[in-house]
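Thank you all for making the time this morning. I would like to walk you through one structure, slowly, and I will explain the terms as we come to them.

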Amino acid sequence: MLHQLTTWQLADKLARREVSARQVTQACLDQIGRVDGRLHAFLSCDAGDALAQADAADKRLAAGANDRPLLGVPIAIKDVIAVRGQPLRCGSKILGQFISPYSATVVEKLQAAGAVVFGRLNMDEFAMGSSTENSAFGPTRNPWDTARIPGGSSGGSAAAVAGDECFAALGSDTGGSIRQPAALCGCVGLKPTYGRVSRYGLVAFASSLDQIGPFAKDVRDAALVLGAISGADLRDSTSVPQPVPDYAAALNGDIKGLKLGLAKEYMIGGMDPEVSAAVQTAVKQFENLGAEIVEISLPHTEFAVAAYYIIATAEASANLARFDGIRYGARVEGADPTELYCKTRGAGFGAEVKRRIILGTYVLSSGYYDAFYLRAQKVRTLIRRDFLEAFEKVDAIVTPTSPTAAFKVGEKSGDPLQMYLSDIFTISCNLAGICGMSLPCGFTQNPKLPIGLQLLGKPFGEETILRLGHAYEQSTSWHKEKPPLGV
Amino acid sequence: MASDFNIQYVAKLARLTLSAAEEEQFGAQLAGILGYIEKLKELDVTGIEPTAHAVPLVNVFRDDAVQASLSNEVALSNAPAKANGLFVVPKIVE
């Protein structure tokens, strides 16, 4: 089955001209036709444009050019990243019929690497959520059990990759929005170090936390896509001019002597016992492969969720001020500009976005700034310091990605605080600005749902977590299991 | 702290019209969330510098040179109302 190949397997077949880019793009479109009615991973998909890109790739391949690492590989994009000429709605009604006038740097880079960039993937509105239930266009479903959520906010990206509707996808991660859905859908998701990947063309949620990263079918694929999108960009002043290594070359299988930290603060109550057991088994496997397990402490862990929801909502309340009905998107008329803004925003934003704008506005408002926002930024310093001190002793840290497997649609949507607390393992990584990756490490028994393992790395330590993840993955078969979607 | 949380005042600051049902629902949910984030007060942060972001860069400059940008037509292509190459907005000055 063509659409079930990994990206590196496909790139190899394309280079040897065993298949054409048109065939594989059509195979993705056919799979979308077969399964997306059940998954709803895609908000839209411009098949004609995808096939035209595939034909252009085939021309290059016919001319003998295989200098581009992703030439002819179909890769789909979360609806928060701009692709010129395609819709961009961020899972929200407020953007109306917005068509992107330019492409994000990551999209230009994927295209320069030869990828067929297609489709708009569903997400929680403005990337706010952990279940993709906050999309204005209806939830995405988990390919392993369509009664369950795929995680979020990049739930469409995770479901599309797990469901073999595309070979890889891009998502964004502000507090776990790549890693948590990757864990819940059983694929690989990597949040790069803050500054590793340009955010030009990414609609901002919380600017000091947001990063774009890949969803992939295995660790090697994640390394390939990460290499293609990384690097400094004059159009994003927060991108760091750090050389981009050959990430795939780091996957040499040798992890002997690498030190892997286990944080005692992450042994929390409320963990699903099957998730705990799977992670413990994975840790033993790392030991079998020659890694050394070291107990570490991240003493400020219990304050991370509170600090995060102050900082992220404060930044969101400022970033989302631009959606005012004046320059783009939907507009509800008013007698004066203020009435127009209030009505447009009241009608255009969904409940979770409104809740977070209200919270963010409050924590920044006069009289509360020092008590909430400034204090949270100081706690952020303590959390970052915890990690930098831990990384003096270890090369990476291993944790569960999420305390439980996928929950049912509607199960937690009435209780935002419970939803926020489920982000406990992923949030600190964004506050500290380090990198993290989730990869499959097992399944729950009944029902059979994927469990994710998280590896956290030093700033710009992506090679190390990729090497560790790859060595582990190749010694297991979790990544080869396919969800029960039929043929 | 949560007790003096006035949702109507904050919604006005945020330029956000809320229905009565939303005010009631968000008010209750945000009281719970604010109660939770009070947790940060347990920590002594005396002498700790705030972290605004985690990137080791300051003052990123480029040459002060004109570069290509969106044309007027493209910049207006998503406007809800436009005329004569401009965005149309409600009357601001009497």
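When I say helix or strand, I mean a DSSP run numbered from the N terminus, with a helix being H or I over at least four residues and a strand being E over at least two. Please keep in mind that this is a predicted model, in which local features need pLDDT of at least 70 and side-chain atom pairs count only at pLDDT 80 or more, while totals for chains, interfaces and linings use all residues. Residues are numbered from 1 along each chain as its sequence is written, and chains are lettered from A and ligands numbered from 1 in the order in which they are written.

Let me begin with the sheet. Chain A holds an open sheet of 11 strands with mixed pairing, in the order 1-3-2-4-6-5-10-11-9-7-8, where two strands pair if DSSP finds at least two bridges between them. At its edges are strand 1 (42-44) and strand 8 (292-296) of chain A, each of which pairs on one side only.

Within that sheet, strand 10 (residues 435-443) and strand 11 (residues 450-457) of chain A run antiparallel and are joined by 8 bridges, with A:C435 standing opposite A:G457. In the loop between these two strands lies A:P447, and the peptide bond that leads to A:P447 from A:N446 is cis, with omega near 5 degrees. A second cis peptide bond joins A:G152 and A:S153, with omega about 10 degrees, and A:S153 is found in the loop between strand 3 (116-121) and helix 5 (155-162) of chain A. As background, most residues other than glycine have a negative phi, and most peptide bonds are trans. A:C90, which is not a glycine, has a positive phi near 55 degrees, and A:C90 sits in the loop between strand 2 (74-78) and helix 4 (105-112) of chain A.

At the edge with strand 8 of chain A, strand 7 (residues 259-263) of chain A pairs with strand 8 in the parallel sense over 5 bridges, and A:L262 stands opposite A:E295 there.

Now to the helices. How do helix 7 and helix 15 of chain A pack? Helix 7 (residues 219-229) and helix 15 (residues 462-474) of chain A have their axes 9 Å apart and an angle of about 155 degrees, the axes being lines fitted to C-alpha atoms over the stretch in contact, and angles running from 0 to 180 degrees between N-to-C directions. That makes helix 7 of chain A roughly antiparallel to helix 15 of chain A, since angles under 35 degrees count as roughly parallel, over 145 as roughly antiparallel, 65 to 115 as roughly perpendicular and the rest as oblique. Helix 9 (residues 304-319) and helix 14 (residues 424-432) of chain A pack at about 60 degrees, also with axes 9 Å apart, and that makes helix 9 of chain A oblique to helix 14 of chain A.

Finally, the contact between the chains takes 57 residues from chain A and 44 residues from chain B, where residues are in contact if their C-beta atoms, placed from the backbone, lie within 7 Å. On the side of chain A that touches chain B, the largest share, 10 residues, comes from helix 12 of chain A.

Definitions and conventions. Contact = placed C-beta atoms within 7 Å.
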